[in-house]
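Colleague: Please take a close look at the salt bridges of this model and explain how they are placed. I would then like you to carry the account on to the strand pairing and to the backbone and surface features.

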Amino acid sequence: MKNQNVDVLIIGAGPSGAVAAAYLHHQGISVKVVEKNRFPRFVIGESLIPRCMDHFEAVGLLDCLEEKGFEIKKGARFIRKPGQVCEFDFAEKHGEGWDWTWQVPRADFDKALTDELQKWGLDIDFEKEVVDVEFSGTGSKTTIKDSAGDLDTIEAKYIIDSSGYGRVLPRLLGLDKPSEIPKHSSIFTHVKDIRRPEGREGTMITFDVVSQETWLWVIPFSNGTTSIGYVGPTEYLESFEGTTTDKLAKMMELSCYYFDRFDGVDYLFEPKMIRNFSKSVKQLYGPGYVLTGNSAEFLDPVFSSGVAFATESAYLAAKLITRELDGEKIDWETQYTQYILEGVGVFSTYVKEWYTGNLQKIFFHTSVNESIKRQICAVLAGYVWDKSNPFVKNHDRLVKTVAHIADMEMSRTVDP
């Protein structure tokens, strides 16, 4: 058994772990990253939002991603039968910030990040699983296992858990708690998009709303493939009979807009199903560790917030750890937990109000208030800490209020 000693151990090499590792490396802090899988590997979370671009730029990872030619995402489209369309353009949003981002096959995207980190000399250990962690007053000792079953240990002053769906420390330390988001599941695959339309229509990310709680995502990539997947109540998705291929093929018939485009197209892999994906934890940090990204909180994917929260939390955690290692006293509750949960709270409101139907009333209202649309667009772009935006500052009541007004206006239009 080998033992290694570092300042910071990072569990997980996805975008969250990569951003944290890059920042710490630039500060001269010794870092080791352990990753259970071998890259490239498939993972969901393929639609980014502009806020994460700030983090990639800040830690020097933007150039290596731009070189890959990923599909540019300048906004998002929501459609609902019969023929209702709502489009958001990130260039037309409240406040400052990036007005574009990417739609990415995560296998290629994440590999680009780790390849760049390894070029810098960072120590990334793939196919190593964390099986035990012991904390002491001065740090931690983590036991990792390779594919042959051999064990090694890593001593670290701090652990950043960026393990995503693996949720390593929440499992080992009993930190999981039920999410307040309704129980939804997803079923998804990739296809070779042989009927992709030319121009903007063929590249636009779309959310096709087939019922108040069920929707289809269509995410085109620059390599000619497209990600398709349904999200809906767990019981509803499980009510479709047969294999996951049978289930998804049957569900594709629900989409009036996309059925013809994908009818009869072979799935590039057996559709995967993630059940009850929303997660939460009792705490985001503890003595010697901090949780980032999906290890901490995972919301419903309807607004593509996953990677942005992953990089936001990783960037902040890495900065705070750097300051603490320099001898500064950090108030993790205020400076980390409260900050992250403020953003999570904003997005949680939008997720919940999407499924109550209130947000859909605003999106598909026949009369568009451009100021309100710009403010909501900034939220969808991930700028959920900007208190100059009323739809951030007053998110918990403003969505309900505007939806009620939209209801009243619709009633006046319908009544004779």
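Modeller: A residue is called buried when its relative accessible area is under 20% and exposed when it is over 50%, and partly exposed covers the values in between. The structure is a predicted model, and every value below is computed from it.

I begin within a single helix. The side chains of D54 and R51 form a salt bridge, with an N to O distance of 3.2 Å. Both residues belong to helix α2, where they stand three residues apart, about one turn of the helix. The two partners fall into separate classes of accessibility: D54 has a relative accessible area of 22% and is therefore partly exposed, whereas R51 is at 19% and so counts as buried, since the cut-off for that class is under 20%.

Other salt bridges reach across the sequence. E342 is joined to K387 by a salt bridge whose closest N and O atoms are 3.7 Å apart. This pair links distant parts of the chain, because E342 belongs to helix α11 (residues 332-356) and K387 to the loop between α13 (370-380) and α14 (390-393), 45 residues away. Both ends are partly exposed, E342 with a relative accessible area of 39% and K387 with 47%. Elsewhere, K32, D123, D125 and K128 are joined into one network by salt bridges that share partners.

The structure holds 22 salt bridges, and one of them is found between the side chains of E127 and R38, at 3.4 Å from N to O. E127 is placed in the loop between β7 (123-126) and β8 (129-136), while R38 is in the loop between β2 and α2, so the contact ties together parts that are 89 residues apart in sequence. E127, with a relative accessible area of 36%, is partly exposed, and R38, at 47% relative accessibility, is placed in that class too.

The loop that carries R38 has a further feature in its backbone. P40 lies in the loop between β2 (31-35) and α2 (51-58), and the peptide bond that leads from F39 to P40 is cis, with an omega near 0°.

Where, then, does strand β10 find its partners? Strand β10 (residues 151-161) runs parallel to strand β1 (residues 3-11), and eight bridges join the two; N3 is the residue that stands opposite T153 of β10. With strand β9 (residues 139-145) the sense is antiparallel, and six bridges are found, with I144 opposite D152 of β10. β9 and β10 form a hairpin that has five residues between its strands, and in its turn G149 takes a positive phi of about 95°. A further partner is strand β19 (residues 289-291), which pairs with β10 in the parallel sense over three bridges; there, Y289 of β19 is the bridge partner of I159. As a general point, side chains in a regular strand alternate between the two faces of the sheet.

Two loops that are bounded by strands of this group contain residues with a positive phi. R167, in the loop between β10 and α5 (168-173), has a positive phi of about 45° although it is not a glycine. Its side is closed off from solvent by the criterion used here, because R167 is at 5% relative accessibility and counts as buried. S304 is likewise not a glycine, yet has a positive phi of about 55°; S304 is found in the loop between β19 and α10 (306-325) and is buried, with a relative accessible area of 10%.

The surface offers two patches to set beside these details. M1, V131 and L151 make a nonpolar patch of about 280 Å², and L151 connects this patch to the strand already described, as L151 lies in β10. At 35% relative accessibility, L151 counts as partly exposed, and it can belong to a patch because patch residues need over 30% relative accessible area. The other patch is negative and is formed by E57, D63, E66 and E67. Among its members, D63 lies in helix α3 (residues 62-66) and is exposed, with a relative accessible area of 54%.

How values were computed
Residues numbered from 1 in each chain as written. Predicted model: local features only at pLDDT ≥ 70, side-chain atom pairs only at ≥ 80, totals over all residues. Heavy atoms only, no water. Patch = residues over 30% accessible without salt bridge, like charges linked within 9 Å, V, L, I, M, F, W, Y side chains within 5 Å. Areas by Shrake-Rupley, 256 points an atom, 1.4 Å probe, with all protein chains shown as cover. Salt bridge = Lys/Arg side-chain N within 4 Å of Asp/Glu carboxyl O. Lys, Arg positive; Asp, Glu negative; His and termini not counted. Charge placed at Lys NZ, Arg CZ, Asp CG, Glu CD. Helix = DSSP H or I, 4+ residues; strand = E, 2+ residues; numbered from the N terminus. Buried < 20%, exposed > 50% of the residue type's maximum accessible area, 1.4 Å probe, protein only. Pairing = 2+ DSSP bridges.
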